[in-house]
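Here is a short briefing to read with the model open beside you. It takes up a few charged pairs and then one pocket.

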Amino acid sequence: MSQKTGGQLLVEALELHGAERVFCVPGESYLAVLDALHDASIPVTICRQEGGAAMMADAHGKLTGKPGICMVTRGPGATNAAAGVHVAMQDSTPMILFIGQIERGMREREAFQEVDYRQMFGGMAKWVAEIDQADRIPEFISRAYHVATSGRPGPVVLALPEDMLVEMADVAQPTPWQQVETHPGLTQMADLQKRLWPAERPIAILGGSRWSEDAVAAFTRFAERFDLPVACSFRRQALFDNLHPNYAGDVGIGINPKLLERIKTSDLILLVGGRLSEMPSQSYTLLDIPQPAQPLVHVHPDAEELGRVYRPSLAIHASPTGFCKAVEGLQPPTEARNKGQAEEAHADYLAWSGARPQVPGALQMSDVMEWIEANVADDTIFTNGAGNFATWVHRFHRFRKFATQAAPTSGSMGYGLPAAVAAKLTFPERETICFAGDGCFQMTMQEFGTACQEGAAIIVVLVDNGMYGTIRMHQERHYPGRPSATKLVNPDFAALASSYGAHAETVHTSDDFGPAFERARATGKPALLHLMLDPEAITPAASLSQIREAAQAKS
């Protein structure tokens, strides 16, 4: 062994543990790490703002199950990155954020850009630490990988004092990180089988993280054997083939009323991997707290989540991967009592997602979605941030394959664009489509420059209605006729994208969309399609005027 700087030891550890990419905004506080990356095998993506970099790391973690790596500088860099850390925490995504820190001898003086990161991120990350000795870097990185991926995955934050990174040390690296799976016990699986046999209206809800393509396939076979309707939690729709005859729809915002009723009247709910938090639980009204009226079997990789909000009839401490291996051994009853339930649930889903609602204006989002459904491959990756525009994707796109959706269950605006960049860099052979609203896009639109610099040929479908539409919708419901602080004066987004050297077009009508998309796809470059949506077209179900008039009629 030979003496190495802290920066070299850190990069060596990342290589050892299989880091596939670093997303960063450079800073003088971690120059030694940047210098070590110069000679490393890990590609570095230079982002425009730390929030975008952290969201890219989150998206990488979502799509691969391996910790996304983000590096930022101290103070303002770290506070900007907090947006992505929050996404990773609420979405149960493995991520490691490295923050350049002031020198050790300057602490407690409020030095330039000094922040106590344990205090700042303490309630937002799984583990926050500061590495004070270069010879402990391998230890800390190994622990970071295990903490970020174990139990309920989440973000880890490690601060790196500037002088520690140039300190010399001679220390061995550990063996590479490996995913630790938790498997259910035989007694629990026997109990589950006994509960499934007499059930007349059972339903499964899949969510959370820690899934794999093999786990999804195994659960699909299990659902087929038991004729079990399967729903996916909010923004986790790629966990089950949406055109499989057992698929019942998504349990999220704007849920299909028939699916909502099916869950409420179920005599057995099998919740695998998810937490059923505020959005999928319809603001915690779907199940009674703490004791649900419906028998609940809750499967989760983190024991602390079992009984935390809902008291299950049967708690199974297992990762989705471990659980789905175990269900291969379960046998259905000789005579099922729930026969026809899956078929009925799937028919309800097809009717709901197959509707083509007409909204005000020449551009019909139902036509846009119909064209996309007919013209994109099953392995296309869809990303989005937050806003009413996302409803069109969630309701009308039919996800067919695992790891084709990267969207924030935390509801973070601005997520779609950086997530699309990360997705395209991670899977360059797959088409990647970002859906964004005009307000959502402008939260992180500088990362379109990152896409162009990296040659990440994403296609951005930017739905522009000139407002923060979701907030305006809620204003009209609660304070009808009194809009406030929601109107946006937007730039020419197509001209902005063109200035980066990308392909860009403005789309005014439904008929214009398909040809514009084909031209964007044919360029092989980053592209942006600026869709001009009538402001009245606020949801698939109602116009802005209809929402306002309904609210006025009630008051």
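Are Glu-305 and Arg-152 buried or exposed? Both residues are buried in this predicted model. Their side chains also meet each other in a salt bridge, at 3.1 Å from N to O, and that pair is a good place to begin.

**Salt bridges between distant parts of the sequence**

- Side chains of opposite charge can pair when their charged atoms come close.
- Glu-305 sits in the loop between strand 13 (296-300) and strand 14 (314-317), while Arg-152 sits in the loop between helix 6 (137-149) and strand 7, so their salt bridge ties together parts that are 153 residues apart in sequence.
- Another pair to look up is Asp-163 and Arg-104, whose side chains form a salt bridge of 2.9 Å, N to O.
- Asp-163 belongs to the loop between strand 7 (155-161) and strand 8 (168-169), and Arg-104 to the loop between strand 5 (95-101) and helix 5 (117-121), so this pair links parts that are 59 residues apart in sequence.
- Arg-104 is partly exposed, with a relative accessible area of 22%; the cut-off for buried is under 20%.

**A salt bridge within one helix**

- Glu-476 and Arg-472 form a salt bridge as well, with their closest N and O atoms 3.0 Å apart.
- Both of these residues lie in helix 17 (residues 469-478), where they are four residues apart, or about one turn of the helix.
- Glu-476 is buried, and Arg-472 is buried too.

**The wider set of salt bridges**

- Lys-258, Arg-262, Glu-344 and Asp-348 are joined into one network by salt bridges that share partners.
- The count for the model comes to 27 salt bridges.

**The second largest pocket**

- The second largest pocket holds about 580 Å³ of space.
- Its lining is made up of 33 residues, and those nearest the centre of the pocket are Lys-62, Gly-65, Arg-210, Trp-211 and Phe-402.
- Two elements, helix 3 (50-64) and strand 16 (405-406), each give two or more residues to this lining.
- Helix 3 gives the most to the lining, with four residues.
- Sorted by class, the lining of this pocket has twelve nonpolar, 13 polar and eight charged residues.

Notes: Residues numbered from 1 in each chain as written. Predicted model: local features only at pLDDT ≥ 70, side-chain atom pairs only at ≥ 80, totals over all residues. Heavy atoms only, no water. 1 Å grid on protein atoms, 1.4 Å probe; cavity = no way out; pocket = protein on both sides within 12 Å on 5 of 7 lines; lining within 4 Å. Points joined across faces, edges and corners; volume = space filled by probe spheres on them. Nonpolar A, V, L, I, M, F, W, Y, C, P; charged D, E, K, R; others polar. Salt bridge = Lys/Arg side-chain N within 4 Å of Asp/Glu carboxyl O. Buried < 20%, exposed > 50% of the residue type's maximum accessible area, 1.4 Å probe, protein only.
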